[in-house]
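User: Hi, could you walk me through this model while I look at it?

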Amino acid sequence: MIVIDAAATRQALPFAALVDALRRQFDAGAEVPPRHVHELAVPGGGTVTSLIMPAWLPGRYYGVKVVNIAPGNAARGLPGLHASVLLHDAATGVPLALIDGDEITARRTAAASALAASYLARDDAARLLVVGAGRVARWLPAAYRAVRPIGPVRVWARDAAKAEALAAQWRAEGMDAAAAPALEAALAEADIVSCATLATAPLVPGRWLRPGTHLDLIGSFTPAMREADDDCFAGARLFVDTDEALRKSGELLGPMARGVFAPADVQGTLADLVGGVAAGRRTADERTVFKSVGTALEDLAAAVLAYESVTRV
């Protein structure tokens with residue numbers, strides 16, 4: 001078994017190759033059982049939530065991602081989330097690689113958004129607004145550049161200092177990047193809006209989005225979380241990464257409960273888009289929305305690409 005650390009994982013997963021790997025895997029499919037969720041009591045108070053996410057390609061690869069969420073880590077000066085991916089030979093059960101799960105998660109999440117945008121964003125979409133300044137937000141411009149001619153990048157976050165720091169990182173990499181002082185003005189100018197936050201109340205009002213905008217919603221992965229208001233869905237064509245999003249995300253559960261849209265109004269999943277079952281963007285003026293909650297299929301595709309890239313060298 002080899003160990004692929006964070007730096008090696010990042011190097012092994014360039015976004016053009018990762019988006020293509022996800023496209024192929026969504027088209028081919030994989031065995032993805034429901035994730036396990038466990039609560040680990042911490043002596044003295046608090047809990048660690050552990051998610052166990054398996055997926056496999058029969059006779060080829062079997063991957064398991066473990067994600068540990070420890071809210072108490074903030075007081076310890078540690079990140080609140082840590083993850084690892086263990087990749088096995090699915091025919092023999094032999095462990096092949098232990099891979100940095102934080103890098104896998106951030107990069108495959110950004111790549112899945114870019115994959116969706118390759119079908120849903122206008123071909124000439126060039127102005128990207130990133131809402132949020134965390135680990136996933138960091139990689140969104142690079143991911144989108146693999147599928148669209150992204151030029152100016154703007155970032156807005158509730159913590160303006162974090163937004164400016166992230167914009168400075170992007171400028172150091174040669175991007176036309178800046179922190180957006182006002183969210184309303186930034187939304188009105190964007191061709192693609194990609195939200196990667198932990199918000200529990202809507203940040204993006206639909207009335208601020210112009211015709212033709214593609215809205216990418218990453219952050220709401222529990223029923224209590226939301227990034228977009230109900231107006232974002234009115235008159236827009238809605239897609240999800242998997243049907244699990246309809247059972248898991250407050251972004252969708254709330255509007256469905258209020259009758260804003262019904263499950264049948266969802267136009268399709270990523271697998272539907274990749275397989276040609278669902279039509280992507282049809283006109284330049286229509287608004288599109290993509291809601292993701294993540295799937296172990298993406299982790300497996302990224303882990304296989306990382307492993308094969310490292311062992312092929």
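User: In which sense do strand 2 and strand 3 pair, and over how many bridges?

Analyst: Strand 2 and strand 3, the latter covering residues 47–57, are joined by six bridges and pair in the antiparallel sense. Two strands count as paired if DSSP finds at least two bridges between them, and the elements are DSSP runs numbered from the N terminus, with helices (H or I) of at least four residues and strands (E) of at least two. Please keep in mind that this is a predicted model, in which local features need pLDDT of at least 70 and side-chain atom pairs count only at pLDDT 80 or more, while totals for chains, interfaces and linings use all residues. Residues are numbered from 1 along each chain as its sequence is written, and side-chain values use heavy atoms, with hydrogens and water left out.

User: Ok, which residue does His36 stand opposite?

Analyst: The partner of His36 is Ile52, which belongs to strand 3.

User: And what sheet do six strands form, in which order?

Analyst: Six strands make an open sheet with mixed pairing, and their order across it is 1-6-5-4-3-2. Its edges are strand 1 (2–4) and strand 2 (36–41), each of which pairs on one side only. From one strand to the next, the twist averages 20 degrees; angles here run from 0 to 180 degrees between N-to-C directions, and the axes are lines fitted to C-alpha atoms, for helices over the stretch in contact.

User: How many bridges link strand 4 to strand 5?

Analyst: Nine bridges link strand 4 (residues 61–69) to strand 5 (residues 81–89), and the pairing is antiparallel. Within that pair, Val64 faces Leu86 of strand 5. Strand 5 also runs antiparallel to strand 6 (residues 95–100), with five bridges between them, and there Leu87 has Ala97 of strand 6 opposite it.

User: What's going on at Gly93?

Analyst: Gly93 has a positive phi near 80 degrees, and it belongs to the hairpin of strand 5 and strand 6, where five residues lie between the strands.

User: Which strands does helix 11 lie across?

Analyst: Helix 11 lies across strand 1, strand 3, strand 4, strand 5 and strand 6, and its direction is at about 70 degrees to strand 3.

User: Switching topic, how many aromatic pairs are there?

Analyst: Searching the whole structure gives four aromatic pairs. One of them is Trp56 with Tyr62, whose ring centres are 5.9 Å apart and whose planes stand at 75 degrees, so the pair is edge-to-face. The rule takes rings of Phe, Tyr and Trp (its six-membered ring) with centres within 6.5 Å, and calls planes under 30 degrees apart stacked, over 60 edge-to-face and the rest tilted. Tyr62 is partly exposed at a relative accessible area of 30%, where buried means under 20%, exposed over 50% and partly exposed in between (1.4 Å probe, protein chains only). Another edge-to-face pair is Tyr61 with Tyr307, at 6.2 Å centre to centre and 75 degrees between the planes. That pair links distant parts of the chain, since Tyr61 is in strand 4 and Tyr307 is in helix 11 (residues 296–312), 246 residues apart.

User: Are Tyr61 and Tyr307 buried or exposed?

Analyst: Tyr61 is buried, and Tyr307 is buried too.

User: How many disulfides does the structure hold?

Analyst: The structure holds zero disulfides. Cys195 is in none, as the nearest cysteine sulfur, that of Cys232, is 7.9 Å away, whereas a disulfide needs a pair of cysteine sulfur atoms within 2.5 Å. Cys195 has a relative accessible area of 1%, so it counts as buried, and Cys232 is buried as well, at 0%.

User: What about the sheet that eight strands form: what is its order?

Analyst: Those eight strands form an open sheet, ordered 9-8-7-10-11-14-12-13, with parallel pairing. Strand 9 (176–179) and strand 13 (268–269) stand at the edges with a single partner strand each, so one side of each has no neighbour in the sheet. Helix 4 (residues 101–120) packs on this sheet, touching strand 11, strand 12 (237–240) and strand 14 (288–291), and makes about 155 degrees with the direction of strand 14. Contact here means heavy atoms within 4.5 Å.

User: Last one: what is Thr109 in contact with?

Analyst: Thr109, which lies in helix 4, is in contact with Val136 and Ile218 once its neighbours within four places in sequence are set aside. Its relative accessible area is 10%, so Thr109 counts as buried.
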